[in-house]
Amino acid sequence: MTRDTMRHICDTTNYVCECNRAFDKETRHPQVSLIDMSGKSSCRNMATDCYAVKVVSDGCTAGKCGQHYYDFSEATMTFAMPASEIDLRQCGGRMLIFHPDIIRCTPLGMRIKDFSFFKYHTDEALHLSCCELKVISRCLDGIDCELKWGVDGYSKAIISNCIELLLNYCQRFYTRQFITRHEANTAAIKTVDGIIDGFLRSGKAATQSMLTACRIAPELKMSAEYLNDMMKHETGKSVSEYIQLRRILMAKELLLSTDMTAGDIASMLGFCAESCFNTVFKKITGCTPHEYRNG
């Protein structure tokens, strides 16, 4: 084993080991750990290069994790990306921490970006029902059982499969949470409509870059990833696709209520050229701007 390889291994194991030490726990695998957080941690926060999944009772987290009256209250799950800081000040629950190397070249490693909730804000946490908590607990118990087995040639594949199962359930339960938050989401979308329409009517689209989820989300006090996922659930469209639809909706209004040329409308709505506007308009409406105005 070369010195560089040894250094790489040390780098990938460091934060898992440190996190275990913070709770005075044994390290059973150098790249993944499931930690009982009922004991007191020796530090308040820890920056890591690992993914983290925490499950804690709502009595400890409701205030800072965005729980509302329409959410379940059995437990709360929060998620953290590598290169972020993990809050270790908890009054119970469990935390799964795993380094990206444990899922590298596995099916989970190929689709880890699909689990966008790792980029959600803390107040966009997942609030679990009693039945959902039982499912999550079984998944964590499966990971714990495998960690007790010891490290061998099958560990990486089995552990990554167990983590993927856990994350698939989290994705399912987040979809359920979007359903129970439908009324609040509808109100948020009305706010999004106002932001987009105000931007377009102001003429800013002609001189500035088009709005994005990253620019809209802060006005709703959301992460861009949460906003995008919420929009997909409620409308079937991503934020960028939804903005495009609002542009065409406004174009239709301008074609019928003003004498502006198609070129002027294209410029006002931020299209790079009239030909581009015509192409997008026909793709969405089935006719050209000229045909729509005359029809």
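Which residue of strand 5 is the bridge partner of Ala 47? In this predicted model, where local features need pLDDT of at least 70, side-chain atom pairs count only at pLDDT 80 or more, and totals for chains, interfaces and linings use all residues, that partner is Glu 85. Residues are numbered from 1 along each chain as its sequence is written, and side-chain values use heavy atoms, with hydrogens and water left out.

Strand 2 (residues 45–48) and strand 5 (residues 84–87) are joined by four bridges and run antiparallel. Strands here are DSSP runs of E with at least two residues, helices are runs of H or I with at least four, and both are numbered from the N terminus. Two strands are said to pair if DSSP finds at least two bridges between them. Strand 2 has two unlike sides: Met 46 and Thr 48 make up its covered face, while Asn 45 and Ala 47 sit on the uncovered one. As a rule, side chains in a regular strand alternate between the two faces of the sheet.

Next comes an open sheet of five strands, with antiparallel pairing and the order 1-6-3-4-7. The edges go to strand 1 (32–36) and strand 7 (126–128); each has a single partner strand, so one side of each has no neighbour in the sheet. On average, and with direction ignored, neighbouring strands are turned by 15° against each other; the axes behind such angles are lines fitted to C-alpha atoms, for helices over the stretch in contact, and angles run from 0 to 180 degrees between N-to-C directions.

Going through the sheet, strand 3 (residues 51–56) and strand 6 (residues 94–98) are antiparallel and share five bridges, with Lys 54 partnered by Met 95 of strand 6. Strand 3 also pairs with strand 4 over five bridges, again in the antiparallel sense, and here Val 55 has Met 77 as its bridge partner. Strand 4 in turn pairs with strand 7 through three antiparallel bridges, one of the partnerships being Thr 76 with His 127.

Strand 4 is well covered. Six of its six residues are buried, so the strand is largely enclosed by the rest of the structure; buried means under 20% relative accessible area, exposed means over 50%, and partly exposed is in between (1.4 Å probe, protein chains only). Ala 75, Met 77 and Phe 79 are buried on one side, and Thr 76, Thr 78 and Ala 80 are buried on the other.

Helix 5 lies across strands 1, 3, 4, 6 and 7, and runs at about 90° to strand 7. Now for the cores. The largest nonpolar core holds 73 residues, and Leu 96, Phe 118 and Ile 216 have the most contacts inside it. Helix 5 (residues 155–180) is the top contributor, giving nine residues. Such a core is a set of buried Ala, Val, Leu, Ile, Met, Phe, Trp, Tyr and Cys residues joined through side-chain atoms within 4.5 Å. A second, separate core of 14 residues includes Val 16, Met 46, Cys 50 and Ala 52. Neighbours within four places in sequence aside, Ile 216 is in contact (heavy atoms within 4.5 Å) with Val 192, Ile 195, Ile 196, Leu 211, Leu 227, Val 239 and Ile 243.

On the aromatic side, the whole structure gives 16 pairs. Rings of Phe, Tyr and Trp (its six-membered ring) pair if their centres lie within 6.5 Å; planes under 30 degrees apart are stacked, over 60 edge-to-face, and the rest tilted. Phe 79 and Phe 117 are a tilted pair, at 4.5 Å centre to centre with 50° between the planes. This pair links distant parts of the chain, 38 residues apart: Phe 79 is in strand 4, and Phe 117 is in the loop between helix 3 (107–111) and strand 7. Phe 79 is buried at 11% relative accessible area, and Phe 117 is buried too, at 3%. Both belong to a cluster linked by ring pairs, which also includes Tyr 51, Phe 98 and Tyr 226.

Away from the sheet, Asp 193 of helix 6 (residues 182–201) counts as buried at 15% relative accessibility. Leaving out neighbours within four places in sequence, Asp 193 is in contact with Tyr 242 and Arg 246.
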